[in-house]
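Colleague: I'm new to this structure and would love a close look at one part of it, the second largest pocket. Please set it within the whole chain as you go.

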Amino acid sequence: MTCHNRRETTLQCLKGLFNQKITDNISLLVYLVDDGSVDGTAEAVCSLYPNVIVLRGSGSLFWNGGMRLAFLEALKKGYDYYLWLNDDTTLEPDAIAKLVKTYRSLEDKGYVDSIIVGSTRDPETGMLSYGGLVRKSWCYALGFRWIEPGDQPRQCVTMNGNCVLIPNGVARNLGNLDDSFTHGLGDYDYGLRASKMGYFVWVAPFYVGFCARNSIRGTWMDHELPFRQRLKKVKRPTGRVPKETMVFARRHGGVLWFLYWISLYRHLFIKPVDSEPKALDY
């Protein structure tokens, strides 16, 4: 996990994590990167959850950098499973049990070392907010859409990093999140790299928790803002950094990667149809 200046949100996530209904043969150890919070997040976590390993960042790690640091420290121990969890995600009490059960059921069917993605719902709308992704069409290599969870595991090609179970076999061979990315894209890239290596990525049955979907308001895609302001925002780590999107497009876009890369910025000029983002068109 990684966090920055949202103490109550982080504590709520940890509460849901430690209230999991799991079997006696499963134990949890949490690695949390506090990336330069000044709201007392780290102190509150250490007080309420002294077994959580808190790692400190300078405030410049953002999501991908913070998750890389936490994952790096966990990888040194060689655990059976690694769980990525966003600190704004509230898990259902049976979430981890559901993820592990899904993994083991697929393993029994011959799908060894699969990545299992937990889907989340928006707490206000009840709609799918984050989870597994499939391609929109065979001819658009970097266009993705979310896939709804069903009553059986569903295969996907990559995922949002909000709630993801990664077995040790995958983590050992695929390694950490790529440091080419600062904030976004790292989770998409990890899933796509896993798929290219022959690993399967599956959406677990049903939902595992709640996580509000991010709005585009106030971002580089918000056409209520002046163009110059949006242009500045697109270059920030939380925007769509051209150098990083180029790496992603070249790696996963095939021969048409340059056209895909250019298309990533169309919303600088074309207003999105609504204020709620869809699965990103990378």
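Modeller: Among the contacts in the chain with a separation of 6 or more, 71% join residues 24 or more positions apart; a contact here means heavy atoms within 4.5 Å. This is a predicted model, in which local features need pLDDT of at least 70 and side-chain atom pairs count only at pLDDT 80 or more, while totals for chains, interfaces and linings use all residues. Residues are numbered from 1 along each chain as its sequence is written, and side-chain values use heavy atoms, with hydrogens and water left out.

Let's begin with the whole chain. Its secondary structure comes to nine helices and 13 strands, both read as DSSP runs numbered from the N terminus (H or I over at least four residues for a helix, E over at least two for a strand). The chain is as compact as a globular protein of its length, because its radius of gyration is 18 Å, close to the 19 Å that the globule rule gives for 282 residues. That radius is taken over C-alpha atoms, and the rule is 2.2 Å times the number of residues to the power 0.38. The C-alpha trace spans about 55 × 45 × 35 Å along its principal axes. Of the 282 residues, 51% are buried; buried means under 20% relative accessible area, exposed means over 50%, and partly exposed lies in between (1.4 Å probe, protein chains only). The chain exposes about 13,700 Å², with 54% of that supplied by carbon and sulfur atoms; such areas come from the Shrake-Rupley method with a 1.4 Å probe, and for residues only the protein chains shown count as cover.

Now to your pocket. Rolling a probe the size of a water molecule over the atoms shows where empty space is left. About 640 Å³ of space lies in the second largest pocket. A pocket is an open set of points on a 1 Å grid over the protein atoms alone, where a 1.4 Å probe fits, with protein on both sides within 12 Å along at least five of seven lines; its lining residues have an atom within 4 Å of a point. The points are joined across faces, edges and corners, and the volume is the space filled by probe spheres set on them. The lining holds 24 residues, and those closest to the centre of the pocket are Leu28, Leu29, Tyr81, Tyr82 and Leu83. Two or more lining residues come from each of α3 (62–75), β4 (81–85) and α4 (95–108). The largest share is that of β4, with five residues. By type, the lining divides into 20 nonpolar, two polar and two charged residues, where Ala, Val, Leu, Ile, Met, Phe, Trp, Tyr, Cys and Pro count as nonpolar, Asp, Glu, Lys and Arg as charged, and the others, Gly among them, as polar.

Two loops help you find the ends of those helices. Ser60 is found in the loop between β3 (53–57) and α3. Ser60 counts as partly exposed because its relative accessibility is 46%. Leaving out residues up to four places away in sequence, Ser60 touches Asp35 and Thr182. Its C-alpha is 17 Å from that of Val234, 174 residues away in sequence. After α4, the loop that leads to β6 (115–121) holds Asp113. Asp113 has a phi near 60°, a positive value in a residue other than glycine, and with a relative accessible area of 19% it is buried. Phe206 also has a phi near 60°, positive in a residue other than glycine; you'll find Phe206 in strand β13 (residues 201–210), partly exposed at 48% relative accessibility.

Finally, meet two helix residues from earlier in the chain. Thr10 sits in helix α1 (residues 7–18) and is buried, with a relative accessible area of 0%. Beyond its neighbours up to four places away in sequence, Thr10 touches Cys3, Leu32, Thr41, Val45 and Asp87. With one of these, Thr41, the C-alpha separation is 7.6 Å across 31 residues of sequence. Ala44 has its place in helix α2 (residues 41–48) and is buried at 17% relative accessible area. Setting aside neighbours within four places in sequence, Ala44 is in contact with Arg7 and Leu11, while its C-alpha lies 35 Å from that of Asn173, 129 residues apart along the chain.
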